[in-house]
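Dear colleague,

Please find the structure below, handed over for your own work. A short account of what was found in it comes after.

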Amino acid sequence: MRSEVITVRTGSRPTVQDITAEAERFVAGQGDGLLHVFVPHATAGLAIIETGSGSDDDLLRALDDLLPTDDRWRHRHGSPGHGRDHVLPAFVPPYATLPVLDGRLALGTWQSLTLVDTNGDNPTRQVRLSFLPA
């Protein structure tokens with residue numbers, strides 16, 4: 001298995017950050033296998049969605065509707081409503097596994113690998129990419 005950690009700057013507000021290009025660079029020339037992606041953070045996740053057409057903003061809006069940033073959360077350190085950030089990985093998991101064929105991600109036409117980070121308290125994230133050859 002080959003593994004590498006990349007750093008992704010997510011900023012100080014909720015974001016859906018496309019990391020497809022970084023994942024593609026990692027698997028380039030590797031042949032067939034699986035790419036496993038893992039975010040070792042308690043307040044971030046990974047989603048495979050269409051980006052650039054508003055879907056990323058729609059996802060953040062849906063998460064706000066489902067997990068509002070109010071005072072209902074028992075987990076209370078950090079920014080107001082930060083407890084919802086700790087619930088996020090139950091809905092947007094911190095891992096994804098993607099097929100790799102001939103050194104290329106086998107994503108659909110409009111699919112992108114994205115890092116979903118609703119926690120503005122941590123402006124940078126680590127993402128572990130691991131390639132398992134066939």
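The following paragraphs deal with the basis of the values, the cores and one strand.

This is a predicted model, in which local features need pLDDT of at least 70 and side-chain atom pairs count only at pLDDT 80 or more, while totals for chains, interfaces and linings use all residues. Residues are numbered from 1 along each chain as its sequence is written, and side-chain values use heavy atoms, with hydrogens and water left out.

The largest nonpolar core (buried Ala, Val, Leu, Ile, Met, Phe, Trp, Tyr and Cys residues joined through side-chain atoms within 4.5 Å; buried means under 20% relative accessible area with a 1.4 Å probe, protein chains only) has 20 residues, of which Leu-35, Leu-115 and Val-127 touch the most other members. Elements giving two or more residues to this core include helix H1 (20–27), strand S3 (33–38) and strand S5 (95–101); helices (H or I, at least four residues) and strands (E, at least two) are DSSP runs, numbered from the N terminus. Apart from this core lies another of 11 residues, including Ile-49 and Trp-73.

In S5 the side chains alternate: Ala-96, Leu-98 and Val-100 are buried on one face, whereas Tyr-95, Thr-97, Pro-99 and Leu-101 point to the other and are not buried. S5 pairs with S3 (pairing requires at least two DSSP bridges) in the antiparallel sense over 6 bridges, and Tyr-95 is the bridge partner of Phe-38. S5 is also joined to antiparallel strand S6 (residues 104–105) by 2 bridges, with Leu-101 opposite Arg-104. The S5–S6 hairpin has 2 residues between its strands, and Asp-102 in the turn has a positive phi of about 55°.

With kind regards

Notes. Buried < 20%, exposed > 50% of the residue type's maximum accessible area, 1.4 Å probe, protein only.
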